[in-house]
Amino acid sequence: MWLVVMFDLPVKTQEDRRLYASFRNKLLESGFLQLQYSVYGKPCSSEENAMAYRARVRQWIPPKGHVRMLSLTDKQFGRMEVYIGKRR
């Protein structure tokens, strides 16, 4: 199972940038991998493990911006198609 966190956080002020960096660093320190700008994923061993990480991420969410979380099975995640330019 994979937990995917997608976010759009403001970076207009120095405080916004600090909160953005803190949120991002907490994701990285918890083992999330950057899949794309503002999209991070973490493999989880079970649904319960994914729920525990969801609870952690909820605690880190800054007061402004948008954060979305999505759980995917390994099979669903494995069907993701990745293109860089026109090459796969």
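In this predicted model, K64 forms a salt bridge with D16, the closest N and O atoms of the pair lying 3.4 Å apart. Because K64 lies in the loop between α2 (47–60) and β4 (66–72) whereas D16 belongs to helix α1, the pair ties together parts that are 48 residues apart in sequence. The two partners differ in their surroundings: K64 is partly exposed, with a relative accessible area of 49%, while D16, with a relative accessible area of 8%, is buried, since the term applies to values under 20%.

The count of salt bridges comes to two, and the other one joins the side chains of R18 and E15, with a distance of 2.6 Å from N to O. These residues are three positions apart in helix α1 (residues 14–29), so about one helical turn separates R18 from E15. R18 is partly exposed at 48% relative accessibility, and E15 likewise counts as partly exposed, with a relative accessible area of 40%.

Attention was also given to enclosed space within the model. One cavity of 30 Å³ or more was counted, and the largest cavity holds about 50 Å³ of space. The lining of this largest cavity is made up of L9, P10, D16, L19, Y20, P62, P63 and K64, a list that includes D16 and K64, the residues joined by the salt bridge with a closest N to O distance of 3.4 Å. When the lining residues are divided by character, six are nonpolar, none is polar and two are charged; because Asp and Lys count as charged, the charged members of the lining are D16 and K64.

Technical notes. Residues numbered from 1 in each chain as written. Predicted model: local features only at pLDDT ≥ 70, side-chain atom pairs only at ≥ 80, totals over all residues. Heavy atoms only, no water. 1 Å grid on protein atoms, 1.4 Å probe; cavity = no way out; pocket = protein on both sides within 12 Å on 5 of 7 lines; lining within 4 Å. Points joined across faces, edges and corners; volume = space filled by probe spheres on them. Salt bridge = Lys/Arg side-chain N within 4 Å of Asp/Glu carboxyl O. Helix = DSSP H or I, 4+ residues; strand = E, 2+ residues; numbered from the N terminus. Buried < 20%, exposed > 50% of the residue type's maximum accessible area, 1.4 Å probe, protein only.
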